[in-house]
Amino acid sequence: MSADTPQEKIQEPQQEQPQNTTITFADQSDHPNNQINHEKVTQRALTRSSTGQSSGSFDTKSVRSVLMKKMSLVKRRNRRKEEERVEGPPYHTMDLPTVAKLMKSDLEDGLDEKEIEPRHAESGYNEMEGEGGVNPLKLLLKQFLNIMVLILLIAMVVSFAFKDWIEGGVICAIMFLNAGVGFAQEFKAEKTMDSLRQMASPTSQVVRNGQQVTVGTRELVPGDVIILKAGDVVGADCRVIEAFNMDVDEALLTGESVPVNKVNDILEGSDIPLGDRVNMVYSSTVLTKGRGKAIVTATGMQTEIGKIALRLLSSDDSRKTPLQRSLDRMALVLLAIAVTAVIIVFAVAKFDLGDEQVLYAISTAISVIPEALVAVVTLTQAFGVHAMAKSNALVRKISALELLGSVTNICSDKTGTLTQSKMVLTRLWRPDEGFFSVSGLGFSIEGEVKNESEDRAISKEDCSPGFRNLLLNAALCNMSEVRKDKERDEWHGLGDPTEVALQVFAHKLKMGKPSLTKSEQDKNWTLVAEYPFDSSIKRMSILCRSPDGIYYAFIKGATERVLGTCVAIENQSEAKNIDQESLNDLVLPKVEDLAKGGLRVLSLAMRKISVDDGQEIGPDTFKREDIEKDMTFLGLVGIYDPPRVESRDAVLECHRAGITVHMLTGDHAATATAIAREVSILPENYGLEDDPKDRKVELVMTATHFDRLTEEEIDALPQLPLVIARCSPDTKVKMIEALHRRKRIAGMTGDGVNDSPSLKEADIGIAMGQNGSDVAKQAADIVLVDDNFATIVKAIEEGRRVFANISRFVVHMVSGNVAEVTPLILGLGFKDARGASVFPMTPIQILFNNILTSSPPAMSLGLEPVHPDQMLVPPRPTNEGLFSRSNVTDLFFYGVTIGVLCLLNFIVVIYGYGDGNASLGNDCNKEYSEECRLVFRARGAVFTALTLMVLLHGFTCRDLMNPMWTYKAWTSRKQNKYLLMSFAGCMILCIIVLYVPVLNTEVFKHEGITWEWGMVVASSLVYIVISEIYKWTKRIRYRRKMRIRKEKEEQEQAAIMNAASS
């Protein structure tokens, strides 16, 4: 077993070239001389010869109709005259060099980045025509189809009916203004969500400039070389370059229920049906097993799926979120209140209805409705989604944004999420030689391997035969590559991080895979068969032929799974038989030694395969179970994946926020424990000083132990484990179910196809954007662009902020409406000489306050910065929705307080400054006259007081619990600049409508004030004092409530501990 020098290129299997192949292109179809070589796209019957099934005979129309119905496709007529399309080159009949030449690409290094933009210009983006998009007309109509606007519409019609042209015109203008603002905000939000959906859409691994990069599937162009693995959705039509046990589910395209095994052979005959083109993979099909590499031949509408339909999938989700349902219920409640207010007005008039009574009733109804509420909610959510996107968290479902603030537990993977996913092999153990340490970090192939007992560095030339076999295993049973970037002079890895670490280790001793398989001399190792990693058995193996023609099997994987296949150990270059118990006793203590240092431990083994003389050995000669047995154990390797720098701080922030973090990993228990200690998921001394027998709470479990527990036993645990090692997808689901039984809200991370059940089961499914499979992304609520645990914490913080801001502006807006209703209902007692009620406020004043005074501060509250205590309080209970008891109490208290203070302004002007009922004039609701002068001044005072207090109320609502009108609150907290600008702008508008002639008396039906300003300011100061006293009582009640809850939890915990100990 000697390592040979590398050669430049793997020898392709010699295959017979098809003779006289004519290649025709679609863009040549107009040339008369070329028509003989063209075929029209007349879809042939899809056969199933690959599975031995007969397709029968059915025509194209039936296939297309069935598929379009099955996939909910939209048939769209083309305005231009339909042209007969011409098929592109039959790539399945060509050898790979020919395909690469046609695509002007390189099979190893892929395309150059400089070629991407020109190819986009030539072939367009890889997307379906008419896919997704926002319908502006539908959004515009939506603005008028809600209860709040309906009431305004009724008010407008009534005003015009009673010939109150000014009021009707203002209501109409405000209604369209509100619809315009809502449309603009929702359109922007929908466009934002649409772009984020595209960002969170399936991605593809491509090779460009010789480096593996991740790009959006939309960015693929013909000629791209893509890397495929199990669980990937194929992004475009491709010709297969390499295939290792690669099965593809093509049911979406061909209707074939059995996955098709793909190869890179050349097929004869251009008329082979799609289902039998085993060297091609097609857009939107799914890899169910194996891996491979392919070159893109068609994108977008030129793919086979694009020829059948204009759109495959619709991402529209019309279901309403919990927040939207809460707003709908609120609208119904407000409608009921508005109707009740109208009835009260009519009842006071003893149902003797005239113009004034109807207008007053409409004014009261208008005051109930917060017209801009829906628009402000949309704006706040849009900003929240945008802020999360900037923090590398893409929201796929808006309901997740609402639920994030309630998350109590996060179940996170370790590798790549809590750690850097830049693994390096740092230590190994051989049965006959002991421990070795390996220096060097990252992907650099520079490093030294030392025998720890002898403190001696070894090299390729002086290592033992057993160590050489271990190196062969590390290099050959490995699908990764290590390459050097010529421009940056840096090494980088392509493939799984664990395999890259093994490959780098082999390179450090000059025995990397290229030196074994690409030697310039004819002494190469050849890969015959690969049995890929399977999460159910946690190992992979390969079958290789040595340069001497001898066949060897190499295996690597989880120790407990590899040891089960071994019957011997390699000792002094000889294989010595050993029974399973002795092997476990020898190896497992060494595993613990390596794992205690936070190392991920893999076991390596090999065996010689006996074959008959002349027997032809191929990928299907041996079954997996025939290969993975009778192995000789070679040794253990320890790979370290250092935690991310920010992980520990993020976990500590979760602890402060009352969120429990669980680590669910496939690693060994000791490895997981070491990393969990390092990032503070576990106490610093857990597993180091304490005796496991003395522990009352077991914080670390293996999946085997956890899975054996019944639901009753899990529920009886004092605390669910913080770390579960050797975790399987089923274990994750079981953990989520256990959390749900404890009434917890759980977020779960996942990246693989098998993680989809747990992502769907979790309240918040979080998929990995870089290393996650497309299937996992589609099942998730949120996609992490950077696969970073700290991003999850930022997303939770943003989710808490969004919901808190929505609560703030709902309290602000609705309490403003209550403040308007209060003087209007109580003001029914003010009657003029004719016995008609005198309006304390006019409809135009009400609409002004609803739209122009209340909305800007509310929108500003939607943009409120993160509260300093946002991540220092426990998660919000799920039963504490938008209209919790606390919020409802707040909005009624503040509304009634402001309303009563405003009414007192009216009373002081009429009854204090004026002559009481005699000052109420005659017919002062319709027009200005000298006898109505005092009524108009009183309305001016009410209008000014309401405007000022509603604006000040915006600052009060910045924090519904803590004081806001103190020096510390104004100096220590970050100020909301939007709220300050809203205050200034609205006060300027207030002064304009108060003092501009004609506008004040004819439109708003009030008059400018003078000495009343002192009364208005005094009212505002009284409001501030009352609001601070109210918050003080709230804090006392909250502290008492928290103390009672804590005592109750401690009692429950003590009861559980006593039950567990007994």
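E454 and R456 form a salt bridge, with their closest N and O atoms 3.0 Å apart. That contact belongs to a predicted model that holds 29 salt bridges and 19 aromatic pairs. Here is a friendly tour of the charged contacts, the ring contacts and a nonpolar patch on the surface.

**Salt bridges**

- Beginning with the pair above, R456 has 34% relative accessibility, so this partner of E454 counts as partly exposed.
- K450 and E448 also meet through their side chains in a salt bridge, at 4.0 Å from N to O.
- How exposed are these two residues? K450 is partly exposed at 29% relative accessibility, and E448 is partly exposed as well, with a relative accessible area of 39%.
- A further salt bridge joins E219 to R218, where the closest N and O atoms are 3.6 Å apart.
- E219 has a relative accessible area of 27%, which makes this residue partly exposed, and R218 is partly exposed with 28%.
- Which residues are linked in a network of salt bridges? E864, R958, D959 and R973 are.

**Charges over rings**

- R218 returns here in a second role: the charged end of R218 sits over the ring of Y125, 4.1 Å from the ring centre. The salt-bridge partner of R218 is E219, so you can look at both contacts from one arginine in the viewer.
- R876 makes a contact of this kind with F803, its charged end sitting over the ring at 3.5 Å from the centre.

**Aromatic pairs**

- Among the 19 aromatic pairs in the structure is the one between W429 and F633, whose ring centres are 6.4 Å apart; the planes meet at 45°, so the pair is tilted.
- Why does this pair tie together parts that are 204 residues apart in sequence? W429 lies in strand β10 (residues 424–430), while F633 lies in strand β22 (residues 631–640).
- Are the two partners buried or exposed? W429 counts as buried at 3% relative accessibility, and F633 counts as buried at 0%.
- F955 and F983 make another pair, with ring centres 6.0 Å apart and planes at 70°, so the arrangement is edge-to-face.
- This second pair ties together parts that are 28 residues apart in sequence, because F955 lies in helix α30 (residues 933–956) and F983 in helix α32.
- F955 is buried, with 5% relative accessibility, whereas F983 is partly exposed, with a relative accessible area of 27%.
- Together with W965 and W970, the residues F955 and F983 form one aromatic cluster.

**A nonpolar patch on the surface**

- Which residues make the nonpolar surface patch of about 460 Å²? L177, L852, I988, L989, I992 and V996 do.
- Helix α32 (residues 977–995) gives the most to this patch, contributing three residues. This helix also holds F983, the ring partner of F955.
- I988 has its place in helix α32. With a relative accessible area of 52%, I988 is exposed; the cut-off for that class is over 50%.

Notes:
Residues are numbered from 1 along each chain as its sequence is written. This is a predicted model: local features need pLDDT of at least 70, side-chain atom pairs count only at pLDDT 80 or more; totals for chains, interfaces and linings use all residues. Side-chain values use heavy atoms; hydrogens and water are left out. Patches are made of residues with over 30% relative accessible area and no salt bridge: like charges are joined within 9 Å, nonpolar side chains (Val, Leu, Ile, Met, Phe, Trp, Tyr) within 5 Å. Accessible areas come from the Shrake-Rupley method with a 1.4 Å probe; for residues, only the protein chains shown count as cover. Helices (H or I, at least four residues) and strands (E, at least two) are DSSP runs, numbered from the N terminus. Buried means under 20% relative accessible area, exposed over 50%, partly exposed in between (1.4 Å probe, protein chains only). Rings of Phe, Tyr and Trp (its six-membered ring) pair if their centres lie within 6.5 Å; planes under 30 degrees apart count as stacked, over 60 as edge-to-face and the rest as tilted. A charge sits over a ring if NZ of Lys or CZ of Arg is within 6 Å of the ring centre and within 35 degrees of the ring normal.
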